[in-house]
Every structure is written in C-alpha cells, then in structure tokens.
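I set out to look through this structure in the order in which I would want to read it back later. The entries below record what I looked up and what I found.

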Amino acid sequence: MTDTRPDIIVAVDFGTTYTGVAWARPQRFQALQSPIQILHNWPGVSSRNEQKVQTCLVYNKDQSLSSWGYLCDDDDDDSPDKSRREFFKAFLDRQTFEAKGKLVTSQIPGSASEAQKLIIDYLKEVYAHVKATVELQTGISHMGWKTLTVEFIFSVPTTWRSQDVINTFKHCIKAAGFGVEGERHSATVELTESEAAAVGTIKSSTVDFTSGDIFLSVDAGGGTTDFALMQVVQARQPFPSLSQINQVDGVGIGSTLIDQAFVAFVKARLGMFPELIGQIPPDCAERLVKSDRFKTTKHKFGEKVYQSNCYKLTLDGVPFNFSHEAAGIELGKIIIYWEEMQRLFDPHARAILQKIREQLDWMQARGIDRQIRYLILSGGLGSSAYVRNWLQAELSINPHPYARQVKIVQAPDPQLVVVRGLLLDRLQSLEATLAPVIVGRIARASYGIVCKRKYNPEIDTDEEVRKDAYDGVLYVMGQIEWIIKKGDYIVPNKPIIQTFTYKLDAKDATRSWDSIIMISDLDRGSLPIRVNQEGVKQLCVIKSDLTGVQHEDMIKQRSPKRLFFRGSKFYLCTFEVHAIVAPAEIRFELWFAGQRYAGNHDPIKITWDDEGTKVGR
C-alpha cells in the first residue's frame with residue numbers, strides 16, 4: 001500500500017458465538033477524534049439494533065448456503081433438508097480439536113478442514129454486508145470502494161498459540177474477500193483478543209488509572225477467556241500506553257459451554273420421565289437454549305433486580321396448559337431454580353479464578369513490587385453480574401498477597417471492547433508523534449536461526465564440519481543462534497535484525513539464499529544449541545532474493561596470499577533479515593545497504609514447515 005493513512009479502517013472481532021464489526025474514516029489531522037461506527041444493522045434483526053451478529057450458518061441439503069447470522073433464526077433449520085452450523089471458529093485450531101469435541105452438539109464441524117470452509121462461508125457474508133454498509137453510509141459507489149485505501153484488522157484468541165492456526169486463519173480471511181478486492185486493500189491480524197480488550201479498556205474506561213498501575217484484563221467470550229497482565233506506562237488521555245508484564249494467556253472457557261451444560265441438564269431432567277415422549281418436542285432443550293427468555297435469564301443472572309428463587313421459561317412447542325409437576329413443567333413452562341443456574345456458572349467461574357491466581361502467583365514469584373489494582377472483565381461471559389460478584393467474593397474471602405485490594409470492574413460496552421480496542425490502537429498509531437498503545441510485549445516462544453561457528457576439536461565430536469573455500473577455516477554446521485528467547489521483552493515494530501554475509505567469486509551470479517528459522521516452546525534456560533536436539537522444530541525457510549544487486553554494490557576482497565599465489569578476488573554480499581514479532585505472528589523483511597529491499601520482484605519468500613508451525617507460540 002502506497003498511502004500511509006487509510007481512507008477506511010474496519011475492525012473485526014470474529015467470535016465463537018457472536019461477531020462484532022466497527023469502522024472509522026480517519027481524520028487527516030486528529031485521527032483519534034475520528035468517530036467510531038459500530039455495525040448494528042445486521043440482516044434478520046427486524047426492529048432491533050444488535051451490537052453483534054450471531055456466528056451461525058444454515059445450509060440446504062445440497063450444501064448451498066441458506067442463511068447466516070440472525071437470518072438463521074427464521075430459517076427452517078428443523079427441517080431434515082436443512083442443517084445448522086455453529087461454534088466452528090473454535091475448531092480451526094487442530095491442537096484443541098479433540099478437547100473442543102466435548103461440546104454436546106451435532107452442529108460442530110467434523111474436522112479442522114471443514115471448520116475452515118465454514119469460516120470462509122461465514123466471513124464472506126460478513127464482508128459483503130460490511131462493504132454494502134460502508135458504501136451506503138458514506139455515499140461511496142461500488143467502484144469507489146475498490147479505489148480506496150481500506151484496512152481490515154482482525155483479532156485472534158490467545159489460545160491460538162501456533163503459527164499454523166494463524167496462517168490458516170489469514171487464508172480464511174483473504175478467501176472470504178477481505179483485503180483482496182482493491183489494489184490498496186489489506187487485511188492483517190493485529191492484536192490478540194486480550195490485548196485488544198486491554199487497549200479498549202484504558203482508552204474508554206472511566207477508571208482513574210495512574211502511571212505504574214497494574215491491571216489484569218479478562219476477556220471472557222463465547223468460546224475462550226483471554227488474560228493480559230498489563231502495566232500502565234503513561235496514563236495521560238487520550239494517548240495512554242501499556243506494557244505487557246507476562247505472556248498473554250487463554251483458556252477454552254466461555255458462555256458456549258454454559259449453553260451446552262444447560263441443554264444437557266434439561267435433557268437429563270426430562271429424560272427421567274418416559275411418559276413425556278410424544279408430549280414435548282424431542283428438541284425442546286435445543287429450542288429453549290436459543291430462546292430470548294433463556295438468553296435474558298443467563299445474561300441477567302446475578303443482578304439484584306433480577307433476583308428470584310426460580311425462573312420459568314416457555315417451552316416452544318408445548319401447549320400452554322400442559323403441566324408435569326415431577327419434571328418441573330408448569331403451564332407450558334419449565335421451572336429452573338436459582339441453584340440450578342448457579343451450578344451452570346460455577347465451574348467456569350472457578351476455572352477463571354484459577355487462571356487469575358496463576359497470574360498473581362507469577363507476579364509473586366518474580367517479586368514484582370506492585371499489586372494488581374484492577375481486574376477488568378469484558379466479553380459476553382465477562383459481562384455477567386454473577387461471575388463478577390462471585391470473583392469479587394472469592395478474592396475478598398481468600399485474598400491473594402498481590403490482590404488484597406483489587407477492584408473488579410466491567411469494561412464499558414463489554415461486548416464491544418475488543419473491536420473498539422482494535423480501532424483505537426490503529427487510530428493512535430496514525431498520529432505521527434505517538435507510540436502505539438501497547439509499547440512492549442513478552443515473547444511467547446523462542447526463535448533461532450541456523451548458523452555455523454568455528455570448529456573446536458575439543459568439544460565438537462560427531463558434528464558436521466566444513467572448510468570455507470575462501471579462508472580455509474573449519475566450521476561446525478547446524479548450530480542455532482537464538483535471536484528471540486521466550487520471555488524476552490519485545491518492542492512493537494522494532495525488528496530483531498540478523499546480518500548475513502555470503503562470499504561470491506567474480507563469476508558467481510547467485511543472488512538468493514535460504515535462511516532456516518527454528519522455534520522452541522522450552523524455557524529459555526533449556527534451549528537446544530543444535531538443530532538435531534530435542535525440543536526444537538524448524539519453523540520456516542526464508543528465501544532472500546537480491547536479484548538486481550551487482551558486484552559493484554558489494555565489498556571486494558581477496559583471499560589470503562599463499563606461496564606463489566596472489567590470492568583470488570571475491571565479493572562480500574551483506575544483507576539483513578528483519579524479524580518483526582507481532583502479537584499473533586512473526587513477519588520478515590529483507591534489507592540491503594540500509595534500506596528495505598524491494599526490486600522488481602518479491603524479495604522475501606517464506607516456506608512454512610508443517611511441524612514447526614504447530615509449536616505453541
């Protein structure tokens with residue numbers, strides 16, 4: 001992209017159960033004053049304005065798409081000729097596929113490749129609607145859209161730790177149309193969901209943060225709960241800055257599992273009474289969990305004004321005068337007691353608390369000299385009053401030394417904090433004199449480069465040894481130089497630079513070389529030093545192509561003189577590979593003679609290794 005300032009920025013929070021989208025037209029001189037537009041006009045919502053759209057699809061018998069989002073609610077998905085598909089985002093990660101298989105539903109994909117197809121189909125519909133909405137609200141014509149500089153920015157769960165799942169998701173994004181329709185369109189993965197939630201919190205919160213404050217962002221959504229332990233570097237508004245203290249973390253906990261537990265609970269209760277067969281629909285539990293009444297009960301559970309000993313939920317397809325005392329059905333409604341709702345929430349609240357205590361234990365073990373002041377909840381499950389009150393009570397009854405006076409607060413617009421954080425982070429970065437909101441991150445894995453070193457006969461046994469053709473020095477091959485170690489403090493957009501020098505004789509036309517990047521998830525003190533050791537995998541091969549560089553652009557030298565030999569002339573070709581560790585991926589650039597090298601071709605090509613990309617990041 002030639003323009004540094006985009007015409008349109010679109011942020012997408014693709015969720016397991018709901019997806020949010022926001023966009024902005026950056027102002028020329030005060031980007032942070034640009035109004036943020038939240039998409040509310042989702043198809044199928046009738047008179048309601050919804051902040052997010054359901055992550056849902058309905059297919060016809062021939063596997064053509066019948067409906068998406070809220071349109072699925074009006075589709076005849078109970079027909080044997082229709083099939084409803086949900087929760088497919090969670091199944092893109094091959095490493096968690098078996099664990100996610102605990103979901104009790106037939107609507108989940110059968111494989112990671114099927115999940116990929118479902119994601120592409122869904123995101124295609126999201127893209128078409130976003131494009132139509134922006135065109136309508138800005139007066140841009142269809143052809144105008146293609147000529148604009150449009151940036152699409154996505155977040156990803158912190159549970160997606162491997163490069164493999166990030167690469168697959170980026171493929172899905174582009175296959176759906178994001179970043180490919182115009183020459184100046186781009187689509188990138190910018191922040192993890194926990195980071196975006198932290199940015200959205202500090203940029204929009206009414207909490208009075210001060211420099212040095214430590215807070216824990218807990219973004220509990222539909223399928224995952226993400227954690228980010230952050231410290232406020234600068235608290236001045238509207239230009240605050242944050243720094244990670246610990247690696248971002250996540251766990252597969254979300255409101256989806258509460259829904260699944262509720263379905264299992266209702267089925268178990270009704271299944272105790274065979275006489276109900278034929279009197280209530282066989283899928284009444286599935287219908288019930290989709291009902292507005294259940295959704296309201298789940299969202300309001302724990303609020304004082306909604307406090308009740310029991311909740312009566314209408315059973316779709318059951319006559320209004322039907323009752324069954326033993327099954328807890330009264331006049332066509334099933335009675336759910338407060339304690340039964342509590343049992344649905346408690347396992348997930350306990351799991352969230354366990355991860356919170358792990359973060360606090362980490363702080364204590366490192367001797368950090370400050371306590372956590374705030375615990376910020378966001379996301380669908382994070383907006384639950386019951387979860388908030390339960391966590392506050394537990395941390396008050398059993399206080400942690402590093403959270404003795406912690407205050408648990410909810411982020412403003414908790415279901416939109418991620419998508420707002422994505423936009424606000426990008427808008428702040430457009431201000432020429434400002435740093436990004438997150439000024440420091442912690443590396444989640446170690447990255448090394450395969451190299452050689454001088455041979456030492458005392459320690460190098462059973463190693464591959466080669467003699468340099470120009471200087472005659474013996475080198476041991478297959479060594480690893482770790483350029484980034486797990487736990488390192490990473491400054492965003494500040495590359496890790498690795499210099500390479502190759503020797504060429506005057507007739508050598510070689511201008512491209514391969515560099516091998518290795519990855520390890522081991523602790524920094526246990527990293528291997530050779531490629532053939534355990535605990536390290538090849539991540540990718542980087543082909544640096546300097547086609548167009550002439551010998552006169554290199555440094556001329558001669559090999560050492562020997563008896564009766566003057567020494568041959570050769571050239572040193574020196575270049576740099578810049579590694580940029582982003583929140584959810586690693587990117588590479590080729591630099592030559594102090595400038596990013598472009599030439600008339602793609603100067604750097606990356607071939608990802610199937611095994612290495614699966615290593616947790």
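The notes go from the whole chain to its enclosed spaces and then to single residues.

**Entry 1: the whole chain.** I began by noting that this is a predicted model. I then looked up the secondary structure and found 12 helices and 31 strands in the protein. The radius of gyration is 28 Å, close to the 25 Å that the globule rule gives for 617 residues, so I noted the protein as being as compact as a globular protein of that length. Along the principal axes, the C-alpha trace spans about 110 × 60 × 50 Å. I also looked up burial and found that 53% of the 617 residues are buried. For the contacts with a separation of 6 or more, I recorded that 69% are between residues 24 or more positions apart.

**Entry 2: the largest cavity.** How many cavities of 30 Å³ or more are there? The count comes to 2, and the largest of them holds about 120 Å³ of space. Its lining consists of 14 residues, of which Ile442, Arg444, Val581, Ala582 and Pro583 are the closest to the centre of the cavity. When I sorted the lining of this largest cavity by residue class, I got 9 nonpolar, 1 polar and 4 charged residues.

**Entry 3: the second largest cavity.** I then turned to the other space, whose volume is about 30 Å³. Ile449, Ile483, Ile496, Gln498, Ile517, Val577, Ala579 and Phe588 line this second largest cavity. Strands β24 (496-505) and β28 (569-581) each supply at least two residues of that lining. By class, the lining of the second largest cavity divides into 7 nonpolar residues, 1 polar residue and no charged residue.

**Entry 4: Thr158.** Is Thr158 buried or exposed? Thr158 counts as buried because its relative accessibility is 0%, under the 20% cut-off. I located Thr158 in the loop between β8 (150-156) and α5 (163-175). The side chain of Thr158 reaches the backbone nitrogen of Gly250 at 3.3 Å. Leaving aside residues up to four places away in sequence, I listed Thr192, Ser194, Asp226, Phe227, Val248, Asp249, Gly250 and Arg444 as the residues that Thr158 touches. One of these, Arg444, had already come up in my notes among the residues closest to the centre of the largest cavity.

**Entry 5: Asp259.** I looked next at a charged residue in a helix, Asp259, which lies in α7 (residues 255-270). The relative accessibility of Asp259 is 16%, and because buried means under 20%, I entered Asp259 as buried. Which side chain does that of Asp259 join in a polar contact? The partner is Lys298, at 2.8 Å. Lys298 also appears in the contact list of Asp259, together with Val289 and Phe294, when residues up to four places away in sequence are not counted.

**Entry 6: Val58.** My last look was at strand β5 (residues 56-59), where Val58 has its place. Val58 has a relative accessible area of 0%, so I recorded Val58 as buried. I also looked up one long separation: Val58 and Gly535 are 477 residues apart along the chain, and their C-alpha atoms are separated by 43 Å.

Key: Residues numbered from 1 in each chain as written. Predicted model: local features only at pLDDT ≥ 70, side-chain atom pairs only at ≥ 80, totals over all residues. Heavy atoms only, no water. 1 Å grid on protein atoms, 1.4 Å probe; cavity = no way out; pocket = protein on both sides within 12 Å on 5 of 7 lines; lining within 4 Å. Points joined across faces, edges and corners; volume = space filled by probe spheres on them. Nonpolar A, V, L, I, M, F, W, Y, C, P; charged D, E, K, R; others polar. Helix = DSSP H or I, 4+ residues; strand = E, 2+ residues; numbered from the N terminus. Buried < 20%, exposed > 50% of the residue type's maximum accessible area, 1.4 Å probe, protein only. Polar contact = N/O pair within 3.5 Å; in protein donor to acceptor, adjacent residues only side chain to side chain. Contact = heavy atoms within 4.5 Å. Rg over C-alpha atoms; globule rule 2.2 N^0.38 Å.
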